[in-house]
Amino acid sequence: MKWTKSLIQTLREDPGDAEIDSHKLLVRASIIKKLAGGLYTFLPLGMRALRKVERIVREEMDAAGAQELLMPILQPAELWKTTGRWDAMGANMFRLRDRAEHEAALGPTAEEEVTDLVKSIVSSYRQLPLIVYQIQTKFRDETRPRFGLMRSKEFIMKDAYSFDVDAEGADRSYWLMYHAYERIFARCGLKATPVQADGGDMGDSMTHEFHALADAGEDGIASCPKCGYAANLERAERRLADRADAECPAAESVPTPNARTIEEVAAFFGREPSAFVKTLVYVADGKPVMICVPGDRDVNEVKVKRFLGAKAVVLADARTVEAVTGAPVGFAGPVRPAQADVPVYADASLKGARGVIVGANAADAHLKNVDLARDAAITDYADLIICGAGDLCPTCGQPMELKRGIEVGQVFKLGTKYTDAFNAVYKTDKLESRTMIMGCYGVGVSRTLQAVVEQSHDKDGIIWPAAVAPFAVCICLLDPDRAEVAQVATDLETALETKGIDVLVDDRAERPGVKFKDADLIGFPVRVVVGAKGLANGGVEVKRRCDDKSKMRIVPVAEAAEAIAAALA
Ligand code: ATP
Ligand code: MG
């Protein structure tokens, strides 16, 4: 392919709305182009890279025995009403009506659609297990579309769904997909780590997310350098050290005018934040609850939601706080709140806490010398905080590290949530009716493409792993007007293509410096310079993008194709 015949427009300036390197580079390197917020065109270079990621995904899915299909993006509302998700999906789902006023959604995912499909075809245990998948556009009206392809409104997902006769079968399907994901990301040149994740509305079901570790990642991950435990902070647990708090005298109210936040109160008492218990009032499915955590820790709302089995948990507004505590916001505490029957849940690390300072449920006052067990009516203790660096690994007790990750995929045991709703049953060999057991498995195909760039770039541009590069090789043709030089480039292009290596020939009438800059920006794995001067000096220059200039080699024309193939291997 010749550059002059291609739709490529590299940019020197970063796009104004791009916050992270991969977003800037994808736009500058002419991989994607923004249409509007959260909407991107894959330009021809981007399309080539995307197709390569898709191909890897397809090969690994096929190798795992999954069958490809393609379901409509436009999904009738009835499907979603069957599971109650027409309402539960809320504003995240794009909805529309056809001319006959039939409601539909642009699919954000397809559990309903696929369950309805499989139910209509599968009736016997002989047709199971079954894994189907599709690679297709998904729509989500994200609250904050950002970071280019990372969080867009329209994106490409590979979604697979497994159907099994029993829990053991579902377990096999789960691990089959899990291992396929390990291979997919490795082949894309991505360092992706599987981490335990929160089951969301599916409660305690088993699920792993695959995270490409990167500082720009939106998710926090706690991981243990010793035993390999890794979990999304939404779910990460910690091993607790025993408390040995000394007995304390009777609790005592202390006036603390104008001190509301932990920092203000800590300064007032001249104590560390950990000497305090922070109490927050939440509303869980309409009912107020108090959550107590150590003063230096934050409440993990995902854990609270899971622990309470609640659909929605939100911070209470000022009026509710006043009604529950009997004080303005800032003075909530677990000891004798105004609403005496409000449930009070404390983080497990507070079991045995004595001599701590809490809000007094009265304006401008705190209580010191509080013994939680003695002075407060704690309804229950549970793990309710967000883990931090240094917290002890729940598996082996070593201090954990915090990292950031980009969620590129997720595998999920769904149980019978969807098959129950659709009555998706099969007949056993004894002709008994049983509900199929499901799993679902997503890969963010377009997000993966960007995660590769986030992990693999330098100040000059992208460094594509060969497996997903738009072109493996760029030939910078320095003297395009000289027929004999151009012929060398074309011959080399043909020789490489015969070997199955895709090549872009930069035949523009541009200065060498411009061509080199663009080759580095787009990030072709191998750059070859073909010019009159080089040819006179014995050949063409070959350099890998990941190597520095010192590794550049002059290779005789006759050996060039071999040398380039070797450089790519
Ligand atoms: P997130 O937590 O990042 O919003 P999710 O957990 O809601 O993602 P899933 O429903 O698990 O996403 O979808 C499967 C995969 O699709 C994700 O692992 C992610 O790689 C990708 N994905 C999800 N939302 C988006 C989006 N808005 N833009 C691009 N890719 C996305
Ligand atoms: Mg997910």
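This report walks through a predicted model, starting at its ligand and moving on to its helices, aromatic rings and unusual backbone spots.

**Around the ligand**

Let's begin with ligand 1. The shell around ligand 1 has 14 residues, and those that come nearest are Arg140, Glu142, Arg151, Ser152 and Glu407. By type, the shell divides into five nonpolar, four polar and five charged residues. Two strands stand out here: strand 8 (154-164) and strand 21 (401-415) each supply at least two residues of the shell. Strand 21 gives the largest share, with four residues.

Here are three polar contacts of ligand 1, side by side.

| Ligand 1 atom | Protein partner | Distance |
|---|---|---|
| nitrogen | polar backbone atom of methionine 150 | 3.3 Å |
| oxygen | side-chain N or O atom of arginine 151 | 2.7 Å |
| oxygen | side-chain N or O atom of glutamine 410 | 3.1 Å |

How much of ligand 1 does the protein bury? Taken alone, ligand 1 exposes 580 Å², and the protein buries 81% of that.

**Helix 6 and its rings**

Next up is helix 6, which covers residues 167-187 and holds serine 173. Serine 173 counts as buried, because its relative accessibility is 4% and the cut-off is under 20%. Leaving aside residues up to four places away in sequence, serine 173 touches Ile131, Ser162, Asp164 and Tyr441.

Helix 6 is also a good place to look at aromatic rings. The model's count comes to ten aromatic pairs. One of them is tyrosine 181 with phenylalanine 185: their ring centres are 6.0 Å apart and their planes sit at 85°, so this pair is edge-to-face. Both residues lie in helix 6, four residues apart, which is about one turn of the helix. Are these two residues buried or exposed? Tyrosine 181 is buried, with a relative accessible area of 0%, and phenylalanine 185 is buried too, at 1%.

Phenylalanine 185 has another ring partner, phenylalanine 210. Their ring centres are 5.8 Å apart and the planes are at 40°, so that pair is tilted. This one links distant parts of the chain: phenylalanine 185 is in helix 6, while phenylalanine 210 is in strand 10 (residues 207-213), 25 residues apart. Phenylalanine 210 is buried as well, with 1% relative accessibility. Zoom out a little and you find one aromatic cluster, formed by Tyr174, Trp175, Tyr178, Tyr181, Phe185 and Phe210.

**Two helices and their ends**

Now for helix 8 (residues 301-308), where both ends have something to show. At the N-terminal end, asparagine 300 acts as a cap: one of its side-chain oxygens lies 3.1 Å from the backbone nitrogen of valine 302. At the other end, helix 8 is followed by glycine 309, which has a positive phi near 65°.

Helix 14 (residues 512-522) also has a glycine just after it: glycine 523 takes a positive phi of about 85°. Which residues of helix 14 are buried? They are Val514, Lys515, Asp518, Ala519, Asp520, Leu521 and Ile522. What do these buried residues pack against? Their neighbours are helix 1 (21-28) and helix 2 (44-63), plus strand 26 (461-462), strand 27 (473-477), strand 28 (503-506) and strand 29 (526-530).

**Backbone oddities**

A bit of background helps with this last stop. Most residues other than glycine have a negative phi, and most peptide bonds are trans.

Where do we find a cis peptide bond? It joins leucine 128 and proline 129, with omega at about 0°. Proline 129 belongs to the loop between helix 5 (111-121) and strand 7 (130-139).

Then there are positive phi values in residues other than glycine. Arginine 336 has one, near 45°, and you'll find this residue in the loop between helix 9 (318-325) and strand 17 (344-347). Asparagine 361 has a positive phi near 55°, and it lies in the loop between strand 18 (356-359) and strand 19 (365-370). On exposure, the two differ: arginine 336 counts as exposed because its relative accessibility is 68%, and the cut-off is over 50%. Asparagine 361, by contrast, is buried, with a relative accessible area of 8%.

Notes: Residues are numbered from 1 along each chain as its sequence is written. Chains are lettered from A and ligands numbered from 1 in the order in which they are written. This is a predicted model: local features need pLDDT of at least 70, side-chain atom pairs count only at pLDDT 80 or more; totals for chains, interfaces and linings use all residues. Side-chain values use heavy atoms; hydrogens and water are left out. A residue is near a molecule or strand if one of its heavy atoms lies within 4 Å of it. A polar contact is a pair of N or O atoms within 3.5 Å; within protein, one must be able to donate a hydrogen and the other to accept it, and residues adjacent in sequence count only if both atoms are side-chain atoms. Accessible areas come from the Shrake-Rupley method with a 1.4 Å probe; for residues, only the protein chains shown count as cover. Ala, Val, Leu, Ile, Met, Phe, Trp, Tyr, Cys and Pro count as nonpolar, Asp, Glu, Lys and Arg as charged, and the others, Gly among them, as polar. Buried means under 20% relative accessible area, exposed over 50%, partly exposed in between (1.4 Å probe, protein chains only). Contact means heavy atoms within 4.5 Å. Rings of Phe, Tyr and Trp (its six-membered ring) pair if their centres lie within 6.5 Å; planes under 30 degrees apart count as stacked, over 60 as edge-to-face and the rest as tilted.
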